[in-house]
Each structure stands twice: as structure tokens, then as C-alpha cells.
Amino acid sequence: MTATDTATDTGTDTGTGPGQRDRFALLWRYARPQARSLVLAGVLGLGVSASGLVSPLATREVLGALGSGESLADPILLLLALIVVGAGMSWWQWRVLGAMAEHVVYDVREGMIRRYLQAKVLPLLARPSGELVTRVTSDSVLLREAASSSVIGLINAFVLLIGTLVLMAVLDLVLALATVGSIAVVTVLFVMLMPAIGVAQGRSQAALGELGGELDGTLRAIKTVKAAGAEPRQVQRLLEHAQQARIQSLTAVRREALVWTIAWTGVETAILVILGVGAWRVDQGAMDVPTLIAFLLYAFGLIGPVMEISQNATTLQTGLAAAGRISEVESLEVEQQFEQAGPTRSPDAGAPVVELAGVTARYAPGVAPAVRELDLVIPARGHIALVGPSGAGKTTVFSLILRFLEPEHGQLRLNGVPYEQIRPAEVRRHLAYVEQETPVVPGTIRENLLYANPDATDSEVTDVLKRIRLQDKIDELPDGLDTRLGDSTVSGGQRQRIALARALLARPAVLLLDEATAQVDGITEAAIHDAVRQQAREGAVVTIAHRLSTVLDADQIVVMQASRVVARGTHEELLRDSPLYAELVAALRIGDQLESSSTAQPSSSS
């Protein structure tokens, strides 16, 4: 379901999700696994309502006994019993509802978290991460009450309201009709206003999600923000989102206040009508004083169910808006989870480890292809470098190999087996990827290193760290490998080497490097190149090259331009035959010369 599928049964369009009827269906789907608890809570609530309905009648019996001189023991004991039984059932009901609410929240969060991690990468990255987090944390809490206590509260309140009106009619039909007339007007206004609350709540939650996304992005780029002196401008942007969230929330609050005012006014009006008509009925001898008092108790008892209906209806509308936003997570397309798509032949012993044949791919319908008719063979061993100007399609090649992006035409094969016959997870089991930005996974250095291969031994970890010259730095940290990893713990270059170590420990068939030496000094770069050379002897290495040293190390160089492969060969061959490559090498050489002058004294923090 998309954000444009917003037609509602009430004719009101929030512009943020499914219609009202669809949202009720979604709410029931989330609550259905807890149906037994829901029924138990409902039965207990009916018991609480029944005890409350009987209490005024017992009170009338007490008053009648006072006038007739009969014993007060029985009616008073009945009142006490009703109080005790009602309190016990109420306590049990809230325990059941509380547990049910937490189960609902957990199930919803589990579903969203699984959806996020099973979703295709590129559509997921297109959404602000802060907004996705808000749906798991904030929206699920709003859904909790709607799927549990508000539904039961509404049912119980309606039962109590109807029961109260029925018993009023038993006590005095004329007075009951006058009360119903007063409440009917309130009910009509109430029903007309409730959908508007849902619309306002939906917009408020959407604005809050946008604020979360903007704030998340700002905090992730806080160094850039401060270095650019952009704090005032960024504060203004964030405050604009906060202001929009406040405006939408104030709209919702005003509508809720109107509903509560109408409900309260309706109850007070009904009580005034009862007092006026009841006094007239007593004066006419049509009813006695104990009956009028019992009737007034029922009238005051109306305050509870009416207020509960108002509160739970508001909570329900808020939860329905949250359900609409949560349901949008299901529009995220998930990766294929099948075991096999058809008969799959065994891997070909002599086949390249990965092969792209005539592959054309684009990131969205209607946009220009990111790669066109791409042919690329990655042998089981060796080092391939991808070079080319920005936008040539180098990163897209990695996205295709990793199955972050599916081809529009052509085919990819792993060990001779077509990708479409293999699960994405199985493809990636043969691969390891080091991003240029080298994000770290929350946790310790050890957890990051073992992320792709939890079974790696301590000796393997130590060997890899020594190969990339990181062991000494980790030994200096107070907690060593158990140090929590963050921006203040290690430098950018060290974080990059940790990512490389994680990839090497995975023992992949193909190591994909988006320039693993971009943030290191010359001495460390030499160590990394040694590690890459060793990996190339044991398996395949594919590098997006931004430095001349990476190009020179490659066994084969693939030159890309305008989404196509325009040349391939060794360094010497391409220098001779490809003017574009010669230009790129000249640019890479200049960049290396500039960097070498700035790293003449290697920094120990790199």
C-alpha cells in the first residue's frame, strides 16, 4: 500500500495512509493473535460494568430500608460485595490488558524490524532512517493502547452506558426518555467529530516522523554541520519541522478538547434535565425520593462511560493513524526468500566465480540506465580494478554483484549458476564488501571484526590485525578488542582498516573494496596492499580504484564511462590504447602526489 492509497470511508483524506475501514482491519490483524486475552478482558470488563450497574439499585434498597425501618445489613453487605468483586475483576482486567498490550507492541516491532532487514537495500535507503526508527519506537506505542485497552474500554463503556439507560427506563420511563434525548444530540456531534481527530493525529505523527528523519541525518553529519558553521541554519530547519509537528498536534488537541467538552456538557445537561423532570415527577407523586436518588446515581454514573468513550475513541483514532503509518512499512519490497526458483545445476568447476553477461540496470523506471550491456568476468583468483569518471557505473556494478539491484536485462552468474536460482543470502555468503564510508555496526571492536564470521578464532583475528597494522593500536585501548566502537574511539583510517579486517576474516570468494586505502597513510597503505595481494592469490578481489597504487596492483583494469565498459586490460596496455585511461591515471598520479606530500610524516592515528 502506498501513501497515495488514502481514500477513507468518511470521505476524509489524510494523505498519509490507508482508509478508515482498512485501518480497522489492520488494527484487528495486530490484535488477533491476542484474541483470547482480548475476550477475557472483555468478560472481566462486563463483570466490572455489571457490579457498577447494580450498585445504585442496592443503594435504593438501603434508602428504602431507612424509611421502612428494615435491617440495613443485607443491602450494605451487598454493596460491599459489589465493591470487592468489582475491584478484583478490574485489577485482573488491567493485568490482562497490560500484558496483551506489550505482546501487541512486541509483535508489531518484530514485524517491522524483520521487514526492514529483509527489504531490498535501495528502497530502504531511500527513506529517512529517523522516520523508520520512529515507526518502530513511537508509532508502535500509540498502536498498543488502540489494539488493547481502548477497544475493551469502548465496549465496556457502551455496555455500561446502555445498561445504565435500560435500568433508568426500568426505574422511570419518562425520565429515561428525557435523558436519552439529551444524550442523543451529544452522540451525533461526537460521531461527526471523531474521524477528524484521526486525520489530525495522522498528520501529527507524519510531521513527527519527518522531524525524526531530519534530526537523525543532522546528528550523523554533525561534524560537517559544525565545520561548515551551519548550526544556525540547521537549527532553523529542524525547528521548522518541530513547528509543523506542533501545528498538527495542536490541531489534534483542539479537536480532542472539543469532543471532551461536548461529552462533558452533554452529561451535565442530562443531569440538569433529570433534576428538573425528576423533581416535577416527585412533586406529582409519580415517583418516590429513593427512586429519584437511584436515578441520579445512574445519571452521575453516566459520566464514567461517556468520558471513557471520549478518551478511548480518541486513543483509538490515534492508534488507527499509527496503524496506517506502520502498514506503510509493508510496502517495502522484500528480497526473494525462496530456497530455489527452479532446477539448479551444480556449480561449474571451471566457471568464473562471478560473471555479468549483457547486464543493463536502472535504479527506477523511466530513468537512464546506470549500466548498459555490461560484460564482466571475475575469475576465481586475481585482482580487478574498476576505474572511470564519477557516474560511470562503478558502484552500480557492486550493487548488482551484491544483489542490492536487480538487472533489467542480462544475467549474473555465481560459479556458473544464474543469480535468479540462488537466494540473495547465499550469493552474499561468497562475498565481502568494504564501503568507502566504512560504517561501523553498534557494538565492540571484537563484535565488528567477527560480524561476518562469528566462528573466527582469536589467532585468526590477531593475524589479520597484524597484517593491516592495527594490532598495536587496539592493544593501547583500555578494553582492547572489547572497546565499544565509536567516532571518538578510533580514527577514520582505523575504522576503515577494521572494516577491511572484518571482510578478510569472512574468508570470501570475492572481496569487494570501494577504495580501502582512502583514509590511511603511506606506510599503512603498503600493509593493506600486501593484505589485498595475499587475498588476490587466495580468491578474487574487485576494487573501485581512486588511487594510482590500487590501479598498478591490479591484474586487470576495467575502464568505465557513461554506464559502459569502454576498455579493459593491464596498466601498460591501457596507457597505450586508451586515452581516457591515460587521463584518469594522470589525475590519479596528481592526487597521489598531493596526498603523499601531506602524509610525509605518517600519523599514528590514521
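## Strands that pair

Two strands pair if DSSP finds at least two bridges between them. Keep that rule in mind for this predicted model. One open sheet here has 4 strands, and their order is S2-S1-S4-S5. The pairing in this sheet is antiparallel. Strand S2 (371-378) and strand S5 (417-418) are the edge strands, each pairing on one side only.

Take the pair S1 and S2. Strand S1 covers residues 354-361. S1 joins S2 through 5 bridges, in the antiparallel sense. One example is Glu355, whose bridge partner in S2 is Val377.

## The chain overall

The chain has 606 residues, and 47% of them are buried. Its elements are 21 helices and 10 strands. Now consider contacts with a separation of 6 or more: 75% of them come from residues 24 or more positions apart.

## Strand S8 and its partners

Where does strand S8 sit: enclosed by the rest of the structure or open? S8 spans residues 540-544, and 5 of its 5 residues are buried, so the strand is largely enclosed by the rest of the structure. Buried here means under 20% relative accessible area.

In a regular strand, side chains alternate between the two faces of the sheet. Both faces of S8 are covered. Ala540, Val542 and Ile544 lie on one side, and Val541 and Thr543 lie on the other.

S8 pairs with strand S3 (residues 382-387) in the parallel sense, over 5 bridges. In that pairing, Ile384 has Val542 of S8 as its bridge partner. S8 also runs parallel to strand S7 (residues 510-513), and 4 bridges join them. Here Leu513 is matched with Thr543 of S8 as its bridge partner.

## Helices H17 and H18

Two packed helices are described by the angle between their axes and the distance between the axes. Helix H17 covers residues 492-505, and helix H18 covers residues 522-538. Their axes come within 12 Å and cross at roughly 15 degrees. Angles under 35 degrees count as roughly parallel. H17 and H18 are therefore roughly parallel to each other. Their crossing is left-handed.

Which residues of H17 and H18 meet? From H17 come Arg497, Leu500 and Leu504. From H18 come Thr524, Ile528, Ala531 and Gln535. By class, this contact has 4 nonpolar, 2 polar and 1 charged residues.

Definitions and conventions
Residues are numbered from 1 along each chain as its sequence is written. This is a predicted model: local features need pLDDT of at least 70, side-chain atom pairs count only at pLDDT 80 or more; totals for chains, interfaces and linings use all residues. Side-chain values use heavy atoms; hydrogens and water are left out. Axes are lines fitted to C-alpha atoms, for helices over the stretch in contact, and angles run from 0 to 180 degrees between N-to-C directions. Helices (H or I, at least four residues) and strands (E, at least two) are DSSP runs, numbered from the N terminus. Angles under 35 degrees count as roughly parallel, over 145 as roughly antiparallel, 65 to 115 as roughly perpendicular and the rest as oblique. A crossing is left-handed if the near helix is turned anticlockwise from the far one by less than a right angle, and right-handed if clockwise. Contact means heavy atoms within 4.5 Å. Ala, Val, Leu, Ile, Met, Phe, Trp, Tyr, Cys and Pro count as nonpolar, Asp, Glu, Lys and Arg as charged, and the others, Gly among them, as polar. Buried means under 20% relative accessible area, exposed over 50%, partly exposed in between (1.4 Å probe, protein chains only).
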